[in-house]
Amino acid sequence: MPLRIAILTGGGDCPGLNAVIRAAAKTAILEHGAEIIGIEDGYEGLVEDRVRELDYLSVSGILNMGGTILGTSNRANPFAYPVKDAKGKVTFQDLSEQAVRTFKSLNADALIAIGGDGSLTIANELNKRGVPSVGVPKTIDNDLYGTDQTFGFDTAVTTATEAVDKLHTTAQAHHRVMVLEVMGRNAGWLALGAGVAGGGDIVLLPEIPYRLEAIRDYILGRKAKGKKFSLVIVAEGAHPEGGDVVVGRMVDDASEARRLGGIGNKLRNDIEQATGIETRATILGHLQRGGEPTPFDRILASRFGREAAKLAVAGKFGQMVGLRGAEIVPVPLADIAGKQRLVNLDNHLLLTARSVGTCFGDGV
Ligand code: F6P
């Protein structure tokens with residue numbers, strides 16, 4: 001009997017998902033004669049039994065495609081699954097047994113789950129319940145434990161940096177302050193990456209609560225030196241000292257309902273009022289998740305996909321593939337489940353930004 005490997009992509013999409021699917025499937029098919037089953041829309045397909053066979057041709061020609069050929073969902077947690085009653089009221093039910101049943105019905109030997117912290121925490125739980133699982137770390141937020149970098153992050157930083165570059169020219173022309181809000185949830189990796197790569201003047205991270213006075217003094221100080229414009233890159237999870245994050249929306253059919261967003265507009269008003277300088281805000285939003293992966297992400301995703309297939313074939317379950325230095329290594333899912341990797345205050349990129357005079361709103 002050929003080995004059968006199921007693959008799903010869970011959580012918010014990000015560039016490089018198809019590159020992982022392709023590399024994992026091709027490795028398993030070409031080197032191990034395996035059969036591949038694609039699960040549709042992440043864990044939703046596992047609960048609702050929506051699957052399809054993936055042959056060699058269906059995973060060919062997708063290396064540089066954004067999105068995911070399998071679809072994804074950032075609501076479908078089998079352990080807290082949103083179920084609507086006749087009146088549209090949502091309750092969360094534990095449908096994990098249903099997910100396990102679907103998996104068993106596939107006669108599959110392994111599940112490769114490509115996802116962020118939520119999806120990989122679910123993979124860890126399913127692994128304990130008899131779904132032999134291997135994880136692949138994805139997210140534009142780069143906030144996953146156990147890997148130096150997630151795939152998708154490099155593409156998102158590239159998109160955000162292009163936005164900073166474009167805002168730079170118009171800020172300079174109009175002597176304005178330009179605020180760019182980027183994603184990242186509670187982690188500042190995206191803002192820090194785009195801030196350093198784009199030469200942002202002020203970078204605001206969730207990890208460093210800001211003071212408006214520090215931002216005001218910095219902008220006015222630049223003006224006094226002849227720099228009449230300033231660029232602010234703010235992470236969606238940034239917040240003032242003693243203040244709260246700005247919540248963009250609550251998604252009531254998701255077990256993790258809170259979506260951040262809106263700090264950029266708040267800062268625009270606050271900065272304009274505090275400095276008297278005309279200020280505009282841009283919210284980059286889902287542009288950061290779309291489009292073709294960069295070559296770096298295609299390479300990382302391909303390496304992750306190959307190693308995930310190798311772990312699955314070798315029967316090494318309950319593991320995630322992670323980047324450590326230049327190597328791809330197995331990392332126990334149990335060690336990373338439920339954890340978030342944030343920017344440390346002694347992070348080298350952060351220190352580099354400080355060394356070139358970037359303001360983090362904390363007055364240091
Ligand atoms: O985790 C990826 C991410 O893009 C975050 O940066 C952002 O906070 C969130 O997903 C947005 O989610 P949604 O697509 O549900 O708006």
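**View 1. Helix H9 lies across strands of the seven-strand sheet.** Helix H9 covers residues 295–314. In this predicted model, H9 lies across S1, S6, S7, S14 and S15. Its direction makes about 145° with S14. Helix H1, residues 17–32, also lies across strands. Its list is S1 (4–9), S2 (35–39), S3, S6 (110–115) and S7 (133–137). H1 runs at about 180° to S1.

**View 2. Seven strands form an open, mixed sheet.** The order is S3-S2-S1-S6-S7-S14-S15. Which strands stand at the edges? They are S3 (51–54) and S15 (327–332), and each pairs on one side only. From one strand to the next, the twist averages 30°. Strands of a sheet pair through backbone hydrogen bonds, either parallel or antiparallel. Strand S14, residues 319–324, pairs with S15 in the antiparallel sense. That pairing spans 6 bridges. Within it, arginine 324 stands opposite glutamate 327 of S15.

**View 3. Strand S1 is largely enclosed by the rest of the structure, because 6 of its 6 residues are buried.** Both faces of S1 are covered. On one side, Arg4, Ala6 and Leu8 are buried. On the other side, Ile5, Ile7 and Thr9 are buried. S1 and S2 run parallel and are joined by 4 bridges. Alanine 6 of S1 faces a residue of S2: isoleucine 37 stands opposite.

**View 4. Serine 119 is buried in helix H4.** Helix H4 covers residues 117–128. Is serine 119 buried or exposed? Its relative accessible area is 7%, which is under the 20% cut-off, so serine 119 counts as buried. Leaving aside residues up to four places away in sequence, serine 119 touches Gly10, Gly11 and Tyr43. With glycine 10 there is also a polar approach. A polar side-chain atom of serine 119 lies 3.5 Å from the backbone oxygen of glycine 10.

**View 5. Four strands form an open, parallel sheet.** The order is S9-S10-S8-S13. Why is one side of S9 and of S13 left without a neighbour in the sheet? S9 (202–204) and S13 (279–283) stand at the edges, and each has a single partner strand, so one side of each stays free of a neighbour in the sheet. Direction ignored, neighbouring strands of this sheet are turned by 15° against each other on average. Helix H5, residues 153–174, packs on this sheet. H5 touches S8, S10 and S13. Its direction makes about 165° with that of S8.

**View 6. Strands S8 and S10 run parallel, joined by 6 bridges.** S8 covers residues 177–182. S10 covers residues 230–235. Methionine 178 stands opposite leucine 231 in S10.

**View 7. Residues surround the ligand.** The surrounding residues are Asn74, Ile140, Asp141, Met183, Gly184, Arg185, Glu236, Arg259, His286 and Arg289. Which atoms of the ligand lie 3.1 Å from an N or O atom in the side chain of asparagine 74? One is an oxygen atom of the ligand. Glycine 184 contributes a backbone N or O atom, 3.1 Å from an oxygen atom of the ligand. A polar side-chain atom of arginine 289 lies 2.8 Å from an oxygen atom of the ligand. Taken alone, the ligand exposes 400 Å². The protein buries 82% of that area.

Technical notes: Residues are numbered from 1 along each chain as its sequence is written. This is a predicted model: local features need pLDDT of at least 70, side-chain atom pairs count only at pLDDT 80 or more; totals for chains, interfaces and linings use all residues. Side-chain values use heavy atoms; hydrogens and water are left out. Two strands pair if DSSP finds at least two bridges between them. Helices (H or I, at least four residues) and strands (E, at least two) are DSSP runs, numbered from the N terminus. Axes are lines fitted to C-alpha atoms, for helices over the stretch in contact, and angles run from 0 to 180 degrees between N-to-C directions. Contact means heavy atoms within 4.5 Å. A residue is near a molecule or strand if one of its heavy atoms lies within 4 Å of it. A polar contact is a pair of N or O atoms within 3.5 Å; within protein, one must be able to donate a hydrogen and the other to accept it, and residues adjacent in sequence count only if both atoms are side-chain atoms. Accessible areas come from the Shrake-Rupley method with a 1.4 Å probe; for residues, only the protein chains shown count as cover. Buried means under 20% relative accessible area, exposed over 50%, partly exposed in between (1.4 Å probe, protein chains only).
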